[in-house]
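Trainee: I'm new to this one. Could you take me through the enclosed empty spaces, slowly and in one go?

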Amino acid sequence: MKKSFLSLILIFTLTTFSLSADEGMWMLHLLKQQKYPEMKKLGLKLRDYDIYNPNGTSIKDAVVQFGGGCTGEVISSQGLVLTNHHCGYGQIQNHSTLEHNYLENGFWAMTKTEELPNPGLTVTFIDKVEEVTDYVKNCLERDKALDKDGILFLSPAYLKSIAKERVGKEFLENNAGADVEIKPFFDGNQYFMFIKKIYSDIRLVGAPPSSIGKFGADTDNWMWPRHTGDFSLFRIYADKNGNPAPYSPDNVPLKPKRWLTVSTQGANENDFVMILGFPGTTYKFYTSWEVAERRDIDNRVRINMRRVRQEALLNEMLADPQVNIQYASKYTGSTNAYKSAIGSNWAIDKRNFVMAKKRQQERLVGWAKKKNKTQFLAALDTLQHIVEQRSDLRFRDRMLNEGIVRGIEFANVPVRNADSLIRALRNKDEKKIENFTLLLLNDYRNFANKNYSVEVDKKVAKAMIAEYIRLVPKDKHPDVFTVLHTEFEGDINKYVDNIFENSVFGSEANLEKFLSHLTPETLVHDPMFSFARSVKKEETMLKDQQDAFTRAYLIARRSYLDGVLEMDGATAYAPDANLTLRLAYGQLKGYAPRDAVYYEPQTTVEGIMEKEDPGNWEFVVPEKLKELYNKGDYGRYALPGGKMPVAFMASTHTTGGNSGSPVMNAGGELIGINFDRNWEGVGGDIQYLPDYQRSIIVDIRYVLFIIDKFAGATHLIEEMDIQ
């Protein structure tokens, strides 16, 4: 009996360890002291400095931040970068027209001269990571006279300034593209500095049609099984000396320090895998009150208001191909966060995150009482009080943000130049009148750009305002809604139509009419500008009222995390994600989403054909892909049994920002590209879910197959080191 009992304890202990082993997004320069031994046990064949080497090249030198919110990897000696289709979606859209619809038909540059530049797009390498906690604390002590609000310890501007101070002006001036940043970790208990190199001449090389790169679209988003070829290709260009430089026809492909070897061997269930990337935001150290706030306010508002907007948008997109191009990226961005919020709430309730965080708090309370660390008890009391006190303001803020600011395009028309023009007209200052008239015209061009439709904005606005006034009490609406209730007797259709009929920005004709007869009164009483001013005023008021809690909240958060780290050790945890370079590891694994259901970890082209629906834009299969399938023409990319792999899952801990991250095998070879998570694992942003947490990954063999067999871009295959 005693032996059985001890065996059960041992089994429980081992199970608990294995379930939590994959959790965390780890700092690369701390791998050796934190996770390297565990990674070796799971199968890693590399040394720690093969992954991160501050004094030489390593795998991290092939991983880049793509734009501001994705990851990419360098896969050739000629600066070829692989990322997700949805990460390059904005660039693909910008190059698309009805005559050259690259979203629908795909794009492949068959020579380097055909590669397309993308103004504003950057790729960032991390050269070095350094802990600077003591340095920052010394600077904060030195500069405490500047700390008027008491939260300088989290100020991005301040941390940026002392980062530049640390590396020196000469370093930044003498190294083209160099940048430096200090970021806070554990709510300001630790600080790390990142030395970067940023390239700005990035050109589109290839992208599959959306019927491959976005196959399954919104229906399959956050879901498994998945059959999406979510990838695109770009190239980094530099000057002739290999330095970052603005776009120029004279620039040449970058010769990178490191690029990844590509493996066609794939991986089997339970094989070790690792992911490097730039995960965005996680909330591992939420308190129970913050979890409830996230579920009951943030997520519920987002789910409801985005559903309303998306239904209105989709109706217009399906009815008009031009509108579909204009709003494709906007719609995708909206649905992504919408489904994420749904999955987050499911996980919060399913796994009782509120209770899990209570246990976390209770453990700290017990330890703090024993050690007489009363400051940590006070921090918890403060957090509870603030979350309770700000609930109404937070609800109104989220409703305004999701329902009006994000939901209605004309709510964001710029008013600064219009207001300056009013003053110039009243003062009869001819020079300023001319200047601000030109600026107003430029504002209109930026607002009513190629990705904007008046009719779509009208229809969406009517739906959003109706839902907003249904849920927010009348006495808490922006001032401008008084016009809706009085002059239009609550008739939203007439109210919105009137805005467009009478606004300078309502149409090109309205603008021309105003320009032919400039009067300040027209701008003062312009209904669209009045709407935007009022919304901005309400937004500012809500922010100011919430800011009254900010200082105490942030200081209490820092104290709470200080207690956790003091209790468990400074290296016991991975810090929350904050768009800095991290490593996650795990195994290729399936999962059981519900009773009597098990999902295999690998999908194949067979599943694409099973899902095909020519009448549904989300599940159209290109004819060329069907031809290759019917012939079984998969080349060297097929599985041993002859099927063509498409995607696989792994137990790696990822979040937004890991889109495009390289997925590597135990030898550091590229076997896939991370592009999503399963719906059941979205709650991992708050609490890792070992039974459910899965990263969804495009199999690199499917990527190579599409480039080679589908697109015929064999020159790109020849660029890569393929094993």
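**A look at the cavities**

Mentor: Sure, let's start with the walls: Gln-65, Ile-126, Glu-181, Phe-194, Lys-196, Phe-278, Leu-579, Thr-580 and Leu-581 line the largest cavity. Keep in mind as you look around that this is a predicted model. Sort that lining by class and you get five nonpolar, two polar and two charged residues. The volume of this largest cavity is about 40 Å³. How many cavities of 30 Å³ or more are there? The count comes to two, so let's visit the other one.

The second largest cavity holds about 30 Å³ of space. Around it you'll find Arg-309, Leu-313, Gly-407, Glu-409, Val-456, Asp-457 and Val-460. Two helices each give at least two residues to that lining: helix 12, running 288-319, and helix 19, running 454-471. Helix 19 has the largest share, with three residues. As for class, the lining of this second largest cavity has three nonpolar, one polar and three charged residues.

While you have the model open, look at one helix pair too. Helix 16 (residues 391-405) packs with helix 24 (residues 527-568) at an angle of about 150 degrees, and their axes are 10 Å apart. Because that angle is over 145 degrees, helix 16 is roughly antiparallel to helix 24. The crossing of helix 16 past helix 24 is left-handed. Among the residues making the contact are Leu-393, Leu-400 and Ile-404 of helix 16, along with Phe-531, Met-541 and Phe-549 of helix 24. By class, the contact of helix 16 with helix 24 has nine nonpolar, two polar and five charged residues.

Technical notes: Residues numbered from 1 in each chain as written. Predicted model: local features only at pLDDT ≥ 70, side-chain atom pairs only at ≥ 80, totals over all residues. Heavy atoms only, no water. 1 Å grid on protein atoms, 1.4 Å probe; cavity = no way out; pocket = protein on both sides within 12 Å on 5 of 7 lines; lining within 4 Å. Points joined across faces, edges and corners; volume = space filled by probe spheres on them. Nonpolar A, V, L, I, M, F, W, Y, C, P; charged D, E, K, R; others polar. Helix = DSSP H or I, 4+ residues; strand = E, 2+ residues; numbered from the N terminus. Axes fitted to C-alpha atoms, helices over the stretch in contact; angles between N-to-C directions. Parallel < 35°, antiparallel > 145°, perpendicular 65-115°, else oblique. Left-handed = near helix turned anticlockwise from the far one by under 90°. Contact = heavy atoms within 4.5 Å.
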